[in-house]
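Student: I have a protein model open and I'd like to go through it piece by piece. Can we start with the overall picture and then move to the parts?

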Amino acid sequence: MRSVAVLAYDGMSGFETGIVTEVFGLPRPEFDFPWYELTVCAETPGPVRLVGGASLHTGRGLDVFAAADTLIVPGVPDVRRETSPELAAALRAAHARGARVMSICSGAFALAGAGLLDGRRATTHWRYAEEFRHRFPAVDLDADVLYIDDGDVLTSAGSAAGLDLCLHVVRRDHGPAVANSVARRLVVQPHRDGGQAQFVEAPVTADPEDARVARSMEWALGNLAGPITVAVLARQAHMSARTYLRHFQRATGTTPIRWLIDRRVQASLALLESTRAPIEEIATAVGFETAVTYRHHFGQAMHTSPSAYRRAFQAAV
């Protein structure tokens, strides 16, 4: 059983701890293997004050935190404050013995303060990027993405991106079918690529042009099996290709082709889960020209093959 420890601190929001609890702490009787064992820890055991006047109480301190297989720092009380020597030592000791260390949002400041991010690529919430770069110039900060998996050290952007990272870890540990099952229980999207933009300038329906982009996307979702290019989408939106690309990027934070590939991969999951159709037939049904292309993009998005996904899903249900 993999032990997971999450750090609580005075002044924290319960949301990020709740994310970790939902993914790693709830029992999963639907699976026939042991789930994670979650412990909430604090630098000083005892009551921890939460935003809104509530508090939680934990009797577990940094000794238990440092002994876990996976350590998660969901945030820091103040991004301008130095990481305490005790927390930094616990993080370094855990990492040195091979533990997996993760951060959500401003928790990256604690990891950087412990020296775990020097020379590594990492992310944090976009609003803290300037402060982070000023304090930790040795870190290769990418504040444009949702999360970064650098093997034994993982970082994520704002709070909701922490949920994406936690599901990514479940996917890495147990495979995509198990991660998708957890996501369905949480009623969230099963997979958001870590490289997806964390900040989008405007929602899809913010103005008439974006509304036309939204309608073109709806059309595409209903016609995935057919050939769809940027020119085709632009015609659906009654725009030039150049104008469409600009509005699509602004509205979604990605490109039409990358979005389309992701939608086609996601559409194929239900076919893999519910049918025994050949992979070649599924590839055609969701709009990929060849099974080779489908397998390539599926592997990039899901970190497994369509056949392995199907076997893992069938074993999990």
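Student: What radius of gyration does the protein chain have, and what would a compact globule with 317 residues have?
Tutor: This is a predicted model, to begin with. The protein chain has a radius of gyration of 21 Å, and a compact globule of 317 residues would be near 20 Å, so the two agree.

Student: And what box do the C-alpha atoms fill?
Tutor: Along the principal axes, the C-alpha atoms fill a box of roughly 60 × 45 × 40 Å.

Student: How many helices and strands are there?
Tutor: The protein chain has 14 helices and ten strands.

Student: Let's do the sheet. In what order do its six strands come?
Tutor: The order is E2-E1-E5-E6-E10-E9, in an open sheet with mixed pairing.

Student: Which strands are at the edges?
Tutor: Strand E2 (37-42) and strand E9 (147-149). Each has a single partner strand, so one side of each has no neighbour in the sheet.

Student: How many degrees are neighbouring strands turned against each other?
Tutor: On average 15 degrees, with direction ignored.

Student: How do E5 and E6 run, parallel or antiparallel?
Tutor: Strand E5 (residues 70-73) and strand E6 (residues 100-103) run parallel, and four bridges join them. For one of the partners, look at Ile-72, which is bridged to Met-102 in E6.

Student: Which strands does H6 touch?
Tutor: H6 packs on the sheet and touches E6, E9 and strand E10 (153-156). The direction of H6 makes about 145 degrees with that of E10.

Student: OK, helices now. What describes two packed helices?
Tutor: The angle between their axes and the distance between the axes.

Student: So what are the numbers for H1 and H6?
Tutor: The axes of helix H1 (residues 14-25) and helix H6 (residues 159-174) come within 9 Å and cross at roughly 20 degrees. H1 and H6 are therefore roughly parallel to each other, since angles under 35 degrees count that way. The crossing of H1 past H6 is right-handed.

Student: Which residues make that contact?
Tutor: From H1 they are Phe-15, Glu-16, Ile-19, Val-20, Val-23 and Phe-24. From H6 they include Leu-163, Cys-166, Val-169 and Val-170.

Student: How many residues in the contact of H1 with H6 are nonpolar, polar or charged?
Tutor: Ten are nonpolar, two polar and one charged.

Student: At what angle do H6 and H7 cross?
Tutor: Roughly 145 degrees, and the axes of H6 and helix H7 (residues 176-186) come within 7 Å. H6 passes H7 in a right-handed crossing. Among the residues in contact are Leu-163, Leu-167 and Val-170 of H6, together with Val-178, Val-182 and Leu-186 of H7. The contact of H6 with H7 has nine nonpolar residues, one polar and one charged.

Student: Why are H11 and H13 called roughly perpendicular?
Tutor: Helix H11 (residues 256-274) and helix H13 (residues 291-302) pack at an angle of about 95 degrees, with their axes 10 Å apart. Angles of 65 to 115 degrees count as roughly perpendicular, so H11 and H13 are described that way. The contact includes Val-265 and Leu-269 of H11, along with Tyr-294 and Phe-298 of H13. The contact of H11 with H13 has eight nonpolar residues, three polar and no charged ones.

Student: Last topic: what do E3 and E4 form?
Tutor: E3 and E4 form a hairpin with five residues between them. Strand E3 (residues 46-49) and strand E4 (residues 55-58) run antiparallel, joined by four bridges. Gly-46 is bridged to Thr-58 in E4, and Pro-47 stands opposite His-57.

Student: Which residue in the turn has a positive phi?
Tutor: Gly-52, with a phi of about 100 degrees.

Note on methods: Residues numbered from 1 in each chain as written. Predicted model: local features only at pLDDT ≥ 70, side-chain atom pairs only at ≥ 80, totals over all residues. Heavy atoms only, no water. Axes fitted to C-alpha atoms, helices over the stretch in contact; angles between N-to-C directions. Helix = DSSP H or I, 4+ residues; strand = E, 2+ residues; numbered from the N terminus. Parallel < 35°, antiparallel > 145°, perpendicular 65-115°, else oblique. Left-handed = near helix turned anticlockwise from the far one by under 90°. Contact = heavy atoms within 4.5 Å. Nonpolar A, V, L, I, M, F, W, Y, C, P; charged D, E, K, R; others polar. Pairing = 2+ DSSP bridges. Rg over C-alpha atoms; globule rule 2.2 N^0.38 Å.
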